Amino acid sequence: MTMPDSTGAEPRAAGLHGPQQIDAANDVYIAHRDQFITHIHQQNSALAGPVSITPRLMGFPVHGRSVLLESILGSEPGSVHVIHAAGGYGKTTAALDLAAQARSRGFDVWWISATDYSALSAGMRALTLRLGASPERIRLAWSGVDGDAPELIWELLSAHPRPWFLMIDGADDTRILALPGGSVADGNGWIRAPRPQGRIVVTSRNGNAETWGGWHRHALRELSTPEAAQILRDRAGPGAGTQETAERLADRLGRIPLVLHQAGLYLARVRASAPWPGVFAPRTFEEYRTALSEQFRELLDSPVGTGSAQRSVRVTNTWEISLDLLGDQGVTQARPLMRLFSHFADVDIPYALLLDQNTLGRSPLFAFESTDDIQRTIDSLADFGLVLKNSPDLASPTSEYSLVVHPVISETMRASVDVRGERRSYLALALRSLASVVRGRDSRNTDDWRIRSTFLSHTLRLSTLAHTLGDGLGKEVASDLFEAIAASMDYALSTGSLGQAMLLTKAAEPLRENLPSTHPCVLQFRYQVARLKDRGGDPGAGEEEYRLVLADRARDLGPLHPETLRTRHALAWLLAQKGDLPAAEAEYQAVLHERSRALGVSHPHTLWARHDLALILVRLGRLTGDEAEAEYRAVLAERSCVLGASHPQTLWTRHDLAWVLSQQGKPAVAEAEYRAVFEERARVLGQSHPDTLGAWHALLRVLVRRGGVPSGEALAEYRALLAERCRVLGASHPQTLWTRHDLAWVLARRGDPAAAEAEYRAVLKERTRVLGESHPETEKTRNRLSILTANHEGGAHG
């Protein structure tokens with residue numbers, strides 16, 4: 001069937017009756033059998049090449065996009081759909097699959113490239129020819145400023161008698177879709193509401209809502225792990241590995257379709273080649289995954305295909321193209337900002353906290369004029385899918401405004417040549433930004449813990465990157481690094497995350513040579529190392545480090561400096577744990593006196609010292625009965641008022657008050673307090689926090705003493721608590737040994753002296769090794785064992 005064009009002439013159906021020559025100004029289009037149109041630009045003697053508006057065939061099955069594509073196929077006529085994502089997420093692949101499905105269901109489908117204006121214009125001319133426009137009408141429509149090409153194409157599309165899809169691929173620069181000075185959302189340029197029977201699908205890196213107006217936007221995300229693994233297996237062919245190894249590689253590659261496609265084709269090429277002696281090339285999924293740590297960029301940019309079909313593919317350039325486009329649109333700081341973000345960890349980046357305009361302004365890497373300029377750049381990066389931005393409600397704190405960079409995009413940015421050339425500058429700026437936001441934060445403020453957890457991840461990443469600077473960090477960079485590490489260790493130890501604190505220590509130790517051991521930031525780090533040794537079950541090493549730090553701080557800062565007093569307080573606590581109560585009391589008294597004078601009696605640090613001193617006095621027998629209870633209730637009231645009822649330090653006072661009540665012979669009241677502390681710690685700190693486990697232990701002891709739990713149930717509870725403390729703290733930690741000690745006690749109460757004796761002997765051996773022969777806890781286990789064996793032997797002989 002043929003239709004008259006807008007000039008009234010009866011056109012020939014292009015390609016059905018031989019080639020058509022079209023002389024449109026300086027262009028010639030030759031239609032060949034309705035498959036493609038060769039475009040020759042008369043001002044250039046070189047052949048411009050074929051302009052096809054027929055979608056190309058797919059080489060592999062498409063995975064993970066079926067729900068989206070079905071929703072578009074079933075959409076109402078007259079709709080416009082924008083499939084958007086960062087480069088590499090498979091927008092074109094999804095559109096091609098959609099085109100193939102649409103054709104199989106009887107739709108007419110045309111494919112237009114919009115990678116630049118020349119390609120778009122050539123494709124639209126070819127479409128007008130396909131729709132039956134005469135050569136003269138096409139020439140007039142494209143005749144410079146007087147032309148009406150968009151009007152012509154939409155006259156023809158509106159009159160097309162069959163249902164159709166128009167696929168416009170690669171419209172990253174949306175300006176070419178609009179009329180001069182207009183916007184694509186205006187709906188009067190190349191893209192309009194495709195009524196009555198049409199649907200338009202556009203693929204673009206740009207997902208900005210304002211750009212596309214009310215049209216339907218569909219963001220592509222990473223594939224699921226099984227879907228991503230299937231892409232690898234489709235491309236690599238049989239023998240490259242199992243589903244499990246494919247899934248591990250898929251996760252390592254971030255489940256981005258283009259990266260998976262490249263990796264699979266690389267493996268297919270290598271597996272089809274001879275294994276040359278002395279040349280290693282990964283041939284399996286697992287070998288490829290392992291090699292990525294050393295050859296990330298080389299592998300992703302390796303040639304694919306075999307023989308004469310081999311071609312070079314630079315996957316890592318796909319995101320640089322987006323940055324080029326943003327630069328062309330005036331977002332000139334997008335590239336350096338992405339490279340700064342790439343140095344942070346693959347978790348939330350609280351950009352509103354980290355990106356201080358003054359700090360950035362002092363760096364030669366950036367030229368931001370205002371915070372509005374920074375925000376515009378971030379928003380633009382989010383529009384192009386290079387970052388995923390979290391936009392909380394207006395009442396949210398600044399820390400909630402964050403973004404995430406995909407791990408593979410981040411790794412690619414770091415691996416780029418110019419980033420390696422400026423690694424020191426980017427790393428220094430990232431560390432300076434991080435150090436400035438962790439400075440002065442109280443690790444015991446539970447409201448701050450979520451953001452502090454994020455800071456810890458960033459600190460670990462930056463510490464790892466610092467090792468790549470082979471010629472030393474320099475004092476300024478090292479100072480910022482150790483400040484961030486010390487702050488993150490403080491948080492980790494306060495939340496009971498001993499494993500993370502150990503990781504931070506291992507990351508920092510090789511870098512200590514960059515600063516003297518008495519540098520304030522190194523002293524902060526050394527103090528946290530002492531805490532780690534103490535909390536980790538090595539009190540002897542902890543005491544030694546505390547005393548060294550105390551001496552350096554007293555000399556450099558003065559004996560009354562808050563950091564010096566903080567070190568004395570920590571040392572006093574350790575002395576108390578060792579059983580040296582008189583020495584601990586002396587330290588606490590001194591710290592309490594100086595803090596009361598300098599900070600006031602209601603300051604949190606003063607109340608902290610008062611609480612710990614009360615415990616020592618009770619254990620020494622110098623604060624007993626009602627006096628002890630009154631003192632704890634007074635501290636509890638102050639802490640509740642100053643810190644809040646659910647603050648970890650307030651809960652410690654309630655915990656120790658319960659212990660005093662238990663000692664007074666008030667087990668029911670003590671049980672109620674312990675239960676309340678246990679439940680609140682579980683809510684605030686988490687089920688596995690050491691403090692929560694401590695409350696669980698104390699509650700169990702009271703319940704067993706009161707007979708409030710059957711012995712079999714008590715034994716099961718103790719075994720569960722022991723398993724959790726072993727997991728969190730380690731089998732030889734003093735608190736873990738306390739649980740084993742009480743487990744033996746429960747076994748003895750159940751009438752199983754042989755099992756109890758075995759437990760007591762194991763605990764005695766470990767306590768002797770960890771705490772020493774004369775430690776009070778070692779003595780307690782020795783006494784319990786002695787009583788048990790005496791009773792057992794007496795019963796045996798009796």
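The second largest pocket in this structure has a volume of about 1,100 Å³. The model is a predicted one. Which residues lie closest to the centre of this pocket? They are R56, G88, T92, T93 and L258, out of 43 residues that line the pocket. Several helices contribute to the lining. Two or more residues each come from α2 (91-104), α7 (225-236), α9 (257-271) and α11 (318-328). The lining is a mix of classes: 18 residues are nonpolar, 13 are polar and 12 are charged.

Take helix α11 next, one of the elements that give two or more residues to that lining. T318 is found in this helix. Is T318 buried or exposed? T318 has a relative accessibility of 9%, so it counts as buried; the cut-off for buried is under 20%. Its contacts, leaving aside neighbours within four places in sequence, are G87, G88, R205 and L258. Two of these names, G88 and L258, are also among the residues closest to the pocket's centre.

W319 belongs to α11 too. Its relative accessible area is 0%, and therefore W319 is buried. What does W319 touch, not counting residues up to four places away in sequence? The list is A86, G87, R205, I256, V259, L386, V408, I409, T412 and M413. G87 and R205 appear in the contacts of T318 as well. V201 is another matter: between W319 and V201 there are 22 Å in space, C-alpha to C-alpha, and the two are 118 residues apart in sequence.

Now look at the helix as a whole. The buried residues of α11 are T318, W319, E320, S322, L323, L325 and L326. They pack against four helices: α9, α12 (334-341), α15 (371-383) and α16 (407-415). Just after α11 comes G330, with a positive phi of about 95°.

A positive phi also turns up in a residue other than glycine: R255, where phi is near 60°. R255 sits in the loop between α8 (243-252) and α9. Its relative accessibility is 26%, so R255 counts as partly exposed.

Turn to the strands. Start with β5, residues 80-84. How many of its residues are buried? The count is 5 of 5, and the strand is mostly covered. In a regular strand, side chains alternate between the two faces of the sheet. On one side of β5 are V80, V82 and H84, and on the other are H81 and I83. Both faces are covered, with each of these residues buried.

β5 has partners. It pairs with strand β8 (residues 198-204) in the parallel sense, over 5 bridges. Within that pairing, V80 has I200 as its bridge partner, and I83 has T203. β5 also runs parallel to strand β9 (residues 216-219), joined by 4 bridges. There, H84 stands opposite A219.

Why is β8 described as largely enclosed by the rest of the structure? Because 7 of its 7 residues are buried. G198, I200, V202 and S204 point one way, while R199, V201 and T203 point the other way. β8 also pairs with strand β7 (residues 164-169), again in the parallel sense and over 5 bridges. In this pairing M167 has V201 as its bridge partner.

The loop between β7 and β8 holds P196. A cis peptide bond joins R195 to P196, with omega about 5°.

Finally, consider the nonpolar cores. In soluble globular proteins, nonpolar side chains tend to be buried together. Here the largest nonpolar core has 149 residues. Which of them touch the most other members? They are L253, Y288, L340, F341 and L381. Helix α20 (residues 475-494) supplies the largest share of this core, 12 residues. F341 shows how such contacts are made up. Not counting residues up to four places away in sequence, F341 touches I349, L355, I378, L381, V387, L403 and V405. Another core lies apart from the largest one. It has 37 residues, among them W110, M124, L129 and W142.

Note on methods. Residues numbered from 1 in each chain as written. Predicted model: local features only at pLDDT ≥ 70, side-chain atom pairs only at ≥ 80, totals over all residues. Heavy atoms only, no water. Core = buried A, V, L, I, M, F, W, Y, C linked by side-chain atoms within 4.5 Å. Buried < 20%, exposed > 50% of the residue type's maximum accessible area, 1.4 Å probe, protein only. Contact = heavy atoms within 4.5 Å. 1 Å grid on protein atoms, 1.4 Å probe; cavity = no way out; pocket = protein on both sides within 12 Å on 5 of 7 lines; lining within 4 Å. Points joined across faces, edges and corners; volume = space filled by probe spheres on them. Nonpolar A, V, L, I, M, F, W, Y, C, P; charged D, E, K, R; others polar. Pairing = 2+ DSSP bridges.
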